[in-house]
Every structure is written in C-alpha cells, then in structure tokens.
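Colleague: I would like to go through this model with you and ask, term by term, what stands behind the words used for it.

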Amino acid sequence: MSTTTQSFRPGLEQIAAYRAGKPAPVGPSGRSIKLSSNENPYPPLPAVVAHLAEVLPHAISRYPSIAAEELTAALAQRFDVATENLALGAGSVEVAAQLIHAMTAPGDEVMFAWRSFEAYPILVRVAGAVPVEVALDADSRHDLQAMADAVTDRTRLIFVCNPNNPTGTVVSEAELEAFMARVPSNVLVVVDEAYVHFDRNSDSPSGIDFFRRYSNVAVLHTFSKAYGLAGLRVGYAIAPVPVAEALRKVSVPFAVSRLAQDAAVASLAAEDELQLRIDEMVTERDRLTTGLRATGLPVVPSQANFVWLPLGEASAAMGEAFEAQGISVRTFAGEGVRVSIGDPEENDAVVAAVIAAANRV
C-alpha cells in the first residue's frame, strides 16, 4: 500500500469540513423524520414544478447563462434595485464565499457572532482570512455593541445573520442603526437574511433599507428556505455596484444551473401563493414552541423556520433521544439543539419524543 506524497496547503488541517444535517434512522413508529437542515417541509409550488417539467429537456445538455438575465431582471424589479447591484451564486453560502474572497487578503479579519452560521468560519479560513467570533449575549442574540468594540484596522467584512442561525433571534432596527454608526465606512456589513421570510418581529430591520442608506451594506438572500429550492442551489447578494462587480469576478462559472434560474423566476412570480405556506410554517413554529415549553424545555423565541433549545451539557443526550425516535436534529454538543420546523405530524412527533425521553428518566 503506497502512501501519498502530495503536500497540502499549510493550515488546511485546521479547517473543518462543513457538517451537513444527517438523515434520521427509522424510529419505533417506522418513520424517519429529518429536521436537521432547515429545509422546507413542503415541495415547490405546483406552478414551479410544471415550469421545470417544461424546460427540463432544454436545461441539462447546455451551459446556463452566466448573466442569468431573466432572473436578474426579476430580482431587480422585485426589490427595485439595478441589475448591476445583483450577484448570484449556488446558494447564499456560495455568495458569502464570494464576498470573503473578493473583500479580504490573507490575514484580514472577518467578523461574525458566535454561535452563528456554521459555514462562516470555514469559508473565512479557506480564503486565508482570520475569523473573529464575538459571543452572543445572554439571550442568544447578536451583541452588536461588543462586535463594534471588536472592529480593528484589519476588519474587512462583518456578517450579521438576521434571523440568526441556529438561535432564530433577531436584532432590532435601532440596534443595527447604532452599530452602523460605529462601523468604519471601509468595512462591508453583510446582512444575511436567509430566513427573513419567517420573521414576524415588527422591530426587525430591513436589510434592503439599510443597503439603500449605507454605501457599505450588502444583503444576502436565498431560494433554499422559504421557496423550497434547496436542492437547486440559488442565492444572491444585493450589494453596491463595485462589490457586486467584484463578486462576479470570483464566482464559479455556471454555478447557477438553468433549472435553478427558471425555478427561481417561477417562484418569484408565485409569491402570493408561497406566502400561504410561509404563514403555515410560522404557525407551526409557534405551535411547536408552545408544545416544547409545555414539556419544561427551554426554547428561545425564534423568527426563523427552526427553534433553538439551549440545553448546554444536556444537548448531546437530547439529540440521542430524538434519534432514538427516528428524528434527526442538529446537535451542537455543550451548547444546544436546533430543530427545523416540519409538517404538523412531524412537529407532533418532536414533542412526543421529548415526552418519551422524560418518561424514561
């Protein structure tokens, strides 16, 4: 057996691979319930499926348009921005990577709250930049004052995940306004709104409004969550023109497939119908929160399509208890458990699993 003689980039051993949500084993009920990836529990809208079936014969054998003219035009109209303000990628995580590669040199700092989106530190280290993690406050929210205090002359980029993954918490408009007043104009603030469709907090800021008012704000959106297109991979940034131009330079060619582009356009045209599903998921989120709290578990108020259980050292045991019932969740050992919102039957199964675990103790 031969051993490899290849050498790898210094520091690569310190970069963890992204850990995707795993499927659930089959539980005692004979079901497997995957609630570990914040996926939409419902299929794409019928109009979207019908459109994809129509374009499928022409969408696979040839490269998609890099410019994605139809989708870019639809997004520009939807948000009343110029097409030059838009940059696309294979999900908002790929656009986040574009931002880091375009805005930082080796040794530059990229700041974000922690815990927040698990991919942030991975993407930063892959780019050769330095991740700066600022602890969430006692309520599992961004501590924007502490983040402003942590800005240095090496800070190039700051991610504000709002609502935050995995805690579901949000910052207020006044808090973000005060934060922007302290951030130097040469530091780009990225408001990551992957879960914005589920936010019912009237005091939450609009990333687009801040983009219009500040020259150093960009916004990330995705079609993976509310639109139910996670498997097609399409996200985008709304950014100042020079930033959007830089993102297109570092993007992966043809990363957004023709199917993804067409599905996104069709989804934008069906947003009124989509809103009914979003409203149903918000109702289920609130119902699941009430059910879990009734079992005695702590649940952080969420504005996303998941709930966060801050269980600390009991997190691993709770994750195992869910798995024993055929439910996969996202466990962060020593911190908490994130449970994605499923359909009503799946959410009932989550509460039943907690009750079953309690009865075994």
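Colleague: Why is S257 called partly exposed?

Modeller: This is a predicted model, and in it S257 has a relative accessibility of 27%. Buried would require under 20% and exposed over 50%, so S257, at 27%, counts as partly exposed.

Colleague: Where does S257 lie, and with what is S257 in contact, leaving aside its neighbours within four places in sequence?

Modeller: S257 belongs to the loop between α8 (241-250) and α9, and, with those neighbours set aside, S257 is in contact with P64 and L232. The C-alpha atom of A226, which is 31 residues away along the chain, is separated from that of S257 by 19 Å.

Colleague: What makes the approach of the S257 side chain to A260 a polar contact?

Modeller: The side chain of S257 reaches the backbone nitrogen of A260 at 3.0 Å, and the limit for such a pair of N or O atoms is 3.5 Å, so the distance satisfies the limit.

Colleague: How do you know that the span of α9 is close to what is expected?

Modeller: The 12 residues of α9 reach 17 Å from the first C-alpha to the last, against the 16 Å expected at 1.5 Å a residue.

Colleague: What makes α9 mostly covered?

Modeller: Of the 12 residues of α9, 10 are buried, where buried stands for under 20% relative accessible area. The buried residues include L259, Q261, D262, V265 and L268, and the buried residues of α9 pack against α1 (46-59), α2 (69-79) and α10 (271-294).

Colleague: Which residues touch the most other members of the largest nonpolar core, and which helix gives that core its largest share?

Modeller: The largest nonpolar core has 64 residues, of which L71, L75, I158, F179, F223 and I238 touch the most other members. The largest share of this core, seven residues, comes from helix α9 (residues 258-269). Apart from it lies another core of 27 residues, among them I100, L123, F159 and V243.

Colleague: What makes β2 and β4 the edge strands of the seven-stranded sheet?

Modeller: The strands of this open sheet follow the order β2-β8-β7-β6-β5-β3-β4, with mixed pairing, and β2 (86-89) and β4 (130-135) are its edge strands in that each pairs on one side only. On average, neighbouring strands of the sheet are turned by 25 degrees against each other, direction ignored.

Colleague: How do you know that β2 and β8 are paired?

Modeller: Pairing requires at least two bridges, and β2 and strand β8 (residues 235-238) have four, in the antiparallel sense, so the two strands count as paired. In β8, G235 is the bridge partner of G89.

Colleague: Why are β9 and β11 said to stand at the edges of the other sheet?

Modeller: Three strands form this open sheet, in the order β9-β12-β11 and with antiparallel pairing. β9 (306-309) and β11 (330-332) each have a single partner strand, so one side of each is left without a neighbour in the sheet. Neighbouring strands here are turned by 15 degrees against each other on average, direction ignored.

Colleague: What supports the pairing of β11 with β12, and which helices lie on this sheet?

Modeller: β11 and strand β12 (residues 336-340) pair in the antiparallel sense over three bridges, where at least two are needed. Helix α11 (residues 315-324) packs on the sheet, touching β9, β11 and β12, and the direction of α11 makes about 35 degrees with that of β12. α10 lies across β9 and β12, running at about 25 degrees to β9.

Technical notes: Residues numbered from 1 in each chain as written. Predicted model: local features only at pLDDT ≥ 70, side-chain atom pairs only at ≥ 80, totals over all residues. Heavy atoms only, no water. Core = buried A, V, L, I, M, F, W, Y, C linked by side-chain atoms within 4.5 Å. Buried < 20%, exposed > 50% of the residue type's maximum accessible area, 1.4 Å probe, protein only. Expected span 1.5 Å × (residues − 1). Contact = heavy atoms within 4.5 Å. Axes fitted to C-alpha atoms, helices over the stretch in contact; angles between N-to-C directions. Polar contact = N/O pair within 3.5 Å; in protein donor to acceptor, adjacent residues only side chain to side chain.
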